[in-house]
Structure formats: C-alpha cells, structure tokens
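Visitor: Hi! Could you walk me through this one? I'd like to start with the fold and then look at a few residues.

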Amino acid sequence: MQQAEIMQRVVGILTEAVEMRRQLRENPDAEMALTGSISALLVETLPKINLPSDASAQETTDIITEALAPAIVTLSNCFSYAFVHLAEVHDEGRTDTSTADVLRVLALQFAPRDGA
C-alpha cells in the first residue's frame, strides 16, 4: 500500500471518529458500533512475518522489528501529519474552517491524480 493511500485511509478513520464523537455529543446514551477500519488498515499495511522454527528469542525480535518498522513508521507519520494540520488550524484560532474541512482538504491533497 502506497503512503498516499494510507494517508487517505487515515483521513477516513479520523473523519469517522469526528462523526462518532458528534453523534455521541448529540446522544450521550447511544451505543456506537466500531467499524473495524483501524484493524482493517493494520491488516492491510502490516506485513506477514515468517519466522524460522529454530529462531532464538533475540532473532525473533530482530525479524519482527525489521519487518514491522517501516509500516509502523508510515502509519505514525500519516497520523502525525493529519494531527499537525488539525492542530495548526486550532492554534491559529481559525473559526472559518472546521475539522471536517481540514480533513477534506487533506483527503483531496492525497487523492489519486489522473495519470498517476
């Protein structure tokens, strides 16, 4: 999965979270069902790891760390990037744009381009 696609998914997860929060504010007693979008993103981005049956504990740790690190860094970068954009709008005291607006702009920024 490419970083732009991961960013799109992160924006979708954050948009979903904003909507869930809005619904809970309107109806605090409502039960919200989780959609599993975070789990699905993890399943799609984290690699399958094959461990040798004779691997030591340290070798196993090293193999897992090496395999997972790139995906975890990419996911962390995407969530951090979105957070910073949201935080900047907040810190600037802007009232002309909403969280949903910021997320929409991010989604468009990382949308696939024609011919790309």
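Visitor: So how many helices and strands does the chain have?
Guide: This is a predicted model, and its chain has 4 helices and 0 strands. Following the sequence, the pattern reads α-α-α-α.

Visitor: And is the chain compact or spread out?
Guide: The chain is more spread out than a compact globule, because its radius of gyration is 18 Å, well over the 13 Å that the globule rule gives for 116 residues. Along the principal axes, the C-alpha atoms fill a box of roughly 60 × 45 × 30 Å.

Visitor: What share of the residues is buried?
Guide: Buried residues account for 16% of the 116 in the chain. As for the accessible surface, the chain has about 8,300 Å², and 56% of that belongs to carbon and sulfur atoms.

Visitor: Which residues make up the largest nonpolar core?
Guide: There are 11 of them: I6, M7, V10, V11, I13, L41, L75, C78, A82, L103 and L106. The elements giving two or more residues to this core are α1 (3–26), α3 (57–91) and α4 (99–109).

Visitor: Which element gives the most?
Guide: That's α1, with 5 residues. As general background, nonpolar side chains in soluble globular proteins tend to be buried together.

Visitor: Let's zoom in on M7. What is M7 in contact with, leaving aside neighbours within four places in sequence?
Guide: M7 is in contact with C78, Y81, A82, L106 and F110. Of these partners, C78, A82 and L106 belong to the largest nonpolar core, as does M7.

Visitor: How much of the chain's contact set is long-range in sequence, say at least 24 apart?
Guide: Taking contacts between residues at least 6 apart in sequence, 65% join residues at least 24 apart.

Visitor: Got a C-alpha pair to go with that? How far apart are Q109 and A4?
Guide: Q109 and A4 are 105 residues apart in sequence, with 9.0 Å between their C-alpha atoms. Q109 is in helix α4.

Visitor: How exposed is Q109?
Guide: Its relative accessible area is 35%, which falls between the 20% and 50% cut-offs, so Q109 is partly exposed.

Visitor: Now a loop residue: where is T35?
Guide: T35 lies in the loop between α1 and α2 (37–45). T35 counts as exposed, at 53% relative accessibility. The C-alpha atoms of T35 and I13 are 9.5 Å apart, with the two residues 22 apart along the chain.

Visitor: Last topic, charges. How many positive and negative side chains are there?
Guide: The chain has 8 positive and 17 negative side chains, and the centres of these two sets are 8 Å apart.

Note on methods
Residues are numbered from 1 along each chain as its sequence is written. This is a predicted model: local features need pLDDT of at least 70, side-chain atom pairs count only at pLDDT 80 or more; totals for chains, interfaces and linings use all residues. Side-chain values use heavy atoms; hydrogens and water are left out. A nonpolar core is a set of buried Ala, Val, Leu, Ile, Met, Phe, Trp, Tyr and Cys residues joined through side-chain atoms within 4.5 Å. Buried means under 20% relative accessible area, exposed over 50%, partly exposed in between (1.4 Å probe, protein chains only). Contact means heavy atoms within 4.5 Å. The radius of gyration is taken over C-alpha atoms; the globule rule is 2.2 Å times the number of residues to the power 0.38. Accessible areas come from the Shrake-Rupley method with a 1.4 Å probe; for residues, only the protein chains shown count as cover. Lys and Arg count as positive and Asp and Glu as negative; His and the chain ends are not counted. The place of a charge is taken as NZ of Lys, CZ of Arg, CG of Asp or CD of Glu.
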